[in-house]
Amino acid sequence: MNDLSFETLQDLIANFSIVTAYLFLASQVIYKDWNLGTPTTLYTKLHIGVLTGILGIILMEFTVKLNGTILDFRNLAITIAALFGGVYSALVTGIIISLMRLLAFGTLSPATIFAAFNTLIISIILGWICTRNLSYWKKWAYALFLNNLFTIIIFHINLGSKGTIPSFIYLIMMTLGGIFTAYLTQFLIKAKTHFQMIEKAATFDFLTELNNHRTFDEAFNSLLLEAKDKNEALTLMIIDIDHFKKVNDTYGHPNGDTVLKQLGKLLKDASRSFDIVSRIGGEEFAILLYDCPHKHALIIGERIRMAVRNQEFMLNEGKVIQITVSVGVATYPDTNENIKGEADKALYKAKSCGRNLVCSNQFT
């Protein structure tokens, strides 16, 4: 027990610090979506495997020497690879760590070969476990159990009765390190997820998943400047649902939201792929059509109006209703720079003339 010196404690803290730094970096740069066990491509799996293999090598450089053996957190690197990449990632990490284990000692011995083989076996088993339909903490529990079991067996094979103390210390160290890593990983996943949700909420309308008013304004200002510089057309189309209050009053707000979601999808599908479709108010939508002449914009507006009129909107209870929209259209440079105001005037004209119309204040 005399080997449990201050220097040993420093090495343990170094291992914790390395794992912490890696997970923080991973949350910001590497695992952008934090998809546990579900990478979509072989490249992603190999990428995860190589990066966590490098983590394992770094951890091996900060080994804790104790009673003639060495302890470190290399198996945590394998567990992280298994969680995020499954079998292939874990196996790549295991191969990298095993090669380092063999090369670091200069000569091949039965002990180093057995340890390398053991690392590969653990990699395969952990990779398989982490692709099973298990809860997050169950995966970690199985991973820690297997890491401890296999490593303790190696200690006793290599050291005999002298492996008791290192085994006990490794059991404590690996369990505490595993719980710390599991908690930190879960915390970073939640933090990253919440940040992405907030970021998306600042950009997109939560209900229709279209651009929100803020994003619409930014796109409008940017495209208007570009249209001025290049002397090209920019059309704004404002679309408002006719008598939408009656839909909410008759069928309830949840059904009103369902109608808005379906209309948002319809507008997206009916527009060109590069048009910018936004929800800018309760039942008000806008479409920015760059390099679209006014006459052509009116044709697109009429196509959208007809598509909405002919669409059957399914409510939550299965009932089908139909709605109509009024559309106001304005185009720069055919009108002045205040095409928002002109589009609003055109929309008011459509409402005043009986609704279910596409209107413009411009001569065509």
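Asp205 and Arg279 are both buried, and they make a good starting point for a walk through this predicted model. Their side chains meet in a salt bridge, with N and O 3.2 Å apart. Asp205 sits in the loop between helix 6 (164-201) and helix 7 (213-230), while Arg279 belongs to strand 4 (residues 276-279), so the pair ties together parts that are 74 residues apart in sequence. The points below begin with the whole chain and then visit a few places in turn.

**The whole chain**

- Look for 11 helices and 9 strands as you follow the protein chain.
- The chain has 364 residues, and 46% of them are buried.
- Take the contacts in the chain with a separation of 6 or more: 70% of these are between residues 24 or more positions apart.
- About 18,600 Å² of the protein chain is exposed, and carbon and sulfur atoms supply 62% of that area.

**Strand 8 and its neighbours**

- Strand 8 covers residues 325-332, and 8 of its 8 residues are buried.
- Val325, Val327, Val329 and Thr331 point one way from this strand.
- Ser326, Gly328, Ala330 and Tyr332 point the other way, and the residues of both sets are all buried.
- Strand 3 (residues 234-241) runs antiparallel to strand 8, and 8 bridges join the two.
- Strand 9 (residues 358-360) runs parallel to strand 8, and 3 bridges join this pair.
- Val327 is a handy residue to find on screen: Ile239 stands opposite Val327, and the bridge partner of Val327 in strand 9 is Val358.
- Helix 11 (residues 339-352) joins the picture too, as strand 8, helix 11 and strand 9 make a left-handed β-α-β unit.

**Salt bridges around helix 11**

- The structure holds 11 salt bridges, and two more of them are described here, both with a partner in helix 11.
- In one, the side chains of Lys351 and Asp242 meet, with a distance of 3.0 Å from N to O.
- This pair links distant parts of the chain: Lys351 is in helix 11, Asp242 is in the loop between strand 3 and helix 8 (244-251), and they are 109 residues apart.
- Both ends of this bridge are under cover, as Lys351 is buried and Asp242 is buried too.
- In the other, Glu342 pairs with Lys345, and their closest N and O atoms are 3.7 Å apart.
- Why are Glu342 and Lys345 separated by about one helical turn? They are 3 residues apart in helix 11, so about one turn of the helix lies between them.
- Glu342 has a relative accessible area of 13%, so it counts as buried, because the cut-off for buried is under 20%.
- Lys345 has a relative accessible area of 49%, so it counts as partly exposed.
- Salt bridges that share partners also join Asp240, Asp242 and Lys351 into one network.

**Aromatic rings**

- The structure holds 4 aromatic pairs.
- In one of them, the ring centres of Phe16 and Phe180 are 5.2 Å apart and the planes are at 80°, so this pair is edge-to-face; planes over 60 degrees apart count as edge-to-face.
- Phe16 lies in helix 1 (residues 6-30) and Phe180 in helix 6, so the pair ties together parts that are 164 residues apart in sequence.
- Are these two rings' residues buried or partly exposed? Phe16 is partly exposed at 25% relative accessibility, and Phe180 is partly exposed at 31%.
- Phe73 belongs here as well, since Phe16, Phe73 and Phe180 form one aromatic cluster.

**A stop at Thr215**

- Thr215 is found in helix 7.
- The relative accessible area of Thr215 is 15%, so this residue counts as buried.
- Which residues is Thr215 in contact with, leaving aside its neighbours within four places in sequence? They are Ala202 and Thr203.

Definitions and conventions:
Residues numbered from 1 in each chain as written. Heavy atoms only, no water. Buried < 20%, exposed > 50% of the residue type's maximum accessible area, 1.4 Å probe, protein only. Helix = DSSP H or I, 4+ residues; strand = E, 2+ residues; numbered from the N terminus. Pairing = 2+ DSSP bridges. Right-handed = clockwise from strand over helix to strand, strands pointing away. Salt bridge = Lys/Arg side-chain N within 4 Å of Asp/Glu carboxyl O. Phe/Tyr/Trp six-rings, centres within 6.5 Å; stacked < 30°, edge-to-face > 60°. Contact = heavy atoms within 4.5 Å. Areas by Shrake-Rupley, 256 points an atom, 1.4 Å probe, with all protein chains shown as cover.
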